[in-house]
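Welcome, and thanks for taking a look. Please keep the sequence and the 3D view at hand while reading.

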Amino acid sequence: MVILKNRDIAADIKVTGVDLGNIGAKFYTEDENTASITLYIKYNGLGFDLTQSAMKPKLDLFTLDGSIFLDEPLEVVDSTSGIIKYTIQPDVIKHVGSVNAKLFLTSENESVHVANFQFDIGDSGIDKAIAKQIDVNLIDNAIMSIIEANPDRFRGEAFTFEDFTSEQLESLKVKGDEGSSAYEVWLQQGNTDKTVNDYLLSLKGLDGSKVTIGSDGYWYIDGIKQTTMAKPSQAEIDNMKLYVQSRGQNLVTNGTGLLGDNTNFSGFTYKQDEVKVGRGSFYTGDLRKTYQSDEFIPVDPSKSYLLSAWVKSKKAISQQYFGHACYDIDRNAIYPENLESGNYPVAKLTKPLKVGDTIIYLDNVSAWADSSWTLTNDKKGVILWGYKDSKGYLFADRTYSRYNKIGIQSVDVTNNTITLSSAWDIPYKDTQDGVFPIGHSASRTNKGGNYNYSVLSKVVVPATWTNYSGKVLGIGGSEATNVFRYGTTYIKLLFISNYDVVDEVWYSGIDFRESVETNPEWTDAILQNGYTGSVKYYKDRNSLVTVKFDLTVGLVAAGTVIASIPSNYLPTVIRPVPSYNITTNTPDLFINITTTGVAVGKTLTQGNKIQGQITYRVG
């Protein structure tokens, strides 16, 4: 075979793997069996000798249309120098768009992630559309892991004699001293003309118990049903394949309604009369009702994710909310009262604090006495640090804790005390008597917005299908909407329907996935009208524009221009931005992205600090 197009790349093995980004190679759909990539695997700058390791290279590919190809064939060009070649296979080259590749070194017992890289496949204009493909091994492996985790959901049909091959039956035979099988010996013991099935049913355990398989597919010992099943039915295996396919690279199960019901969205009604993407949509007509997706989605808060959906309403008269809810490793919800409020020095206990106390003694209560903290006392609170989760992980001060109390009766600046509305009721896990000792760290906290409205916040959705999206990146406190809160290990998708008046709303093509652009190149906008801080923006390869800002307010009137950004980065309609006033500790739609730039959405107070972020599609 003659290779006409080739691209060389090198990857040095590191603990965390190497992200090479786009390698600058573009092939075309007509390049069948003529395009290749040569990979140089290095360790500490030198060629990795494959002959001295039990590990073998493995390449997985993920195409733009969601197709997945695992363990692609690789040619070892020079084993001692770690040089391998991948010839792009005919079933891959037909998938137009960006291809994400992951290179591993694997053995029977371990796997090392060597590198990520991307290349592009262009359309030659002569090929028919290619259907989405998913490597069957990926599906089968995922099916088995789900079956093992949920045995009660997948009861199978009982094994019969016909289920065994002749080789399997032979391997089951126990040979006697003269070479006779146990079954043959059994026949000689007065069981002439009996079948192997009869023999299997006659077997007993060492204690004389009789082991059988019931019609429900479960093992029985002396007629008592056991917890282990024999095997799942084919129908259940097919259902599991559909379950896995309903996700693909999307981390949301059934976001396109492929399963034909409201699986993972049990609060919604499944509909097929209004669909934008996939097989069905998720509908609600309830007033001010909060929904969450059913499944916990594991996330890595150090990475960037994109959450999106197509949404439409019937009358376009009511505000909708859409975002994410954060959970810790023990699947506890993370609320603002589990986080710090404001940016103040940590206070220290000057007297021990125990369950039943109503007064907290500190070395400094200025944070709680700050006159700019305008919340009512029933929403103000105290948080003590030093929290450990069930795995023993200790969270640092000013990050995450479940040692908190909401409700303050009074603050005494002279004596540096806080009187609680009700007694402290949480013991400290790290002392035998449950008492927080002198010197323990404390900060102020408060009740607030329970969720992160990373996509929609107070948005009146049009009566036509509209795509909304938001980036979730980084770790933060309760003041930011497009982040994972401190302590986050899982999320659920969060919806609040028809916040102010009754309407009907549908969601379709709900999608949450890791963003491939983890290090975007931000552009700084020039600020105007007395604003200081920053407005940054960038656009990815899918024409998704992200604008984020961290501002100190200048001119305060609604409509005041804060910054201009290029026209090809602007939406065709005004996009209110979910934002947070750090000074007053309140969320709202303070800032708009208009058809001309970034502007004040609501009258502000000069000197206040405002943060926010929004992602939307252009073009």
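## Strand S5 and its partners

Lys-58 has Phe-104 of S9 as its bridge partner. This is a predicted model, and here it pairs S5 with strand S9 (residues 97-106) in the antiparallel sense, over eight bridges. On pairing in general, strands of a sheet are held to one another by backbone hydrogen bonds, in either a parallel or an antiparallel arrangement.

S5 also runs antiparallel to strand S6 (residues 68-69), and two bridges join them. Have a look at Phe-62, which stands opposite Ile-68 in S6. Between S5 and S6 there are four residues, and the two strands form a hairpin. In the turn, Gly-66 has a positive phi of about 95 degrees.

How much of S5 is buried? Strand S5 covers residues 56-63, and six of its eight residues are buried, so the strand is largely enclosed by the rest of the structure.

## A four-stranded open sheet

Further along the chain, four strands make an open sheet in the order S20-S26-S22-S23, with antiparallel pairing. Strand S20 (347-348) and strand S23 (403-406) stand at the edges with a single partner strand each, so one side of each has no neighbour in the sheet.

The partner of S23 is strand S22 (residues 380-384), joined to S23 by four bridges in an antiparallel run. One place to find this pairing is Gly-381, which stands opposite Ile-406 in S23.

## Ser-401, between S22 and S23

The loop between S22 and S23 holds Ser-401. Is this residue buried or exposed? Ser-401 is buried, because its relative accessible area is 0%, and the cut-off for buried is under 20%.

A polar atom of the Ser-401 side chain lies 2.6 Å from the backbone oxygen of Leu-384. Setting aside neighbours within four places in sequence, Ser-401 is in contact with Asn-338, Ile-383, Leu-384, Trp-385 and Tyr-387.

## Arg-485, a buried arginine

Arg-485 belongs to strand S30 (residues 484-485). With a relative accessible area of 2%, Arg-485 is buried.

Which residues does the side chain of Arg-485 meet through polar atoms? Asn-452 makes a side-chain to side-chain polar contact with Arg-485 at 3.1 Å. The backbone oxygen of Tyr-451 lies 3.5 Å from a polar atom of the Arg-485 side chain.

Asp-328 is worth finding too: Arg-485 and Asp-328 are 157 residues apart in sequence, while their C-alpha atoms are 9.3 Å apart in space.

Definitions and conventions: Residues numbered from 1 in each chain as written. Predicted model: local features only at pLDDT ≥ 70, side-chain atom pairs only at ≥ 80, totals over all residues. Heavy atoms only, no water. Pairing = 2+ DSSP bridges. Buried < 20%, exposed > 50% of the residue type's maximum accessible area, 1.4 Å probe, protein only. Polar contact = N/O pair within 3.5 Å; in protein donor to acceptor, adjacent residues only side chain to side chain. Contact = heavy atoms within 4.5 Å.
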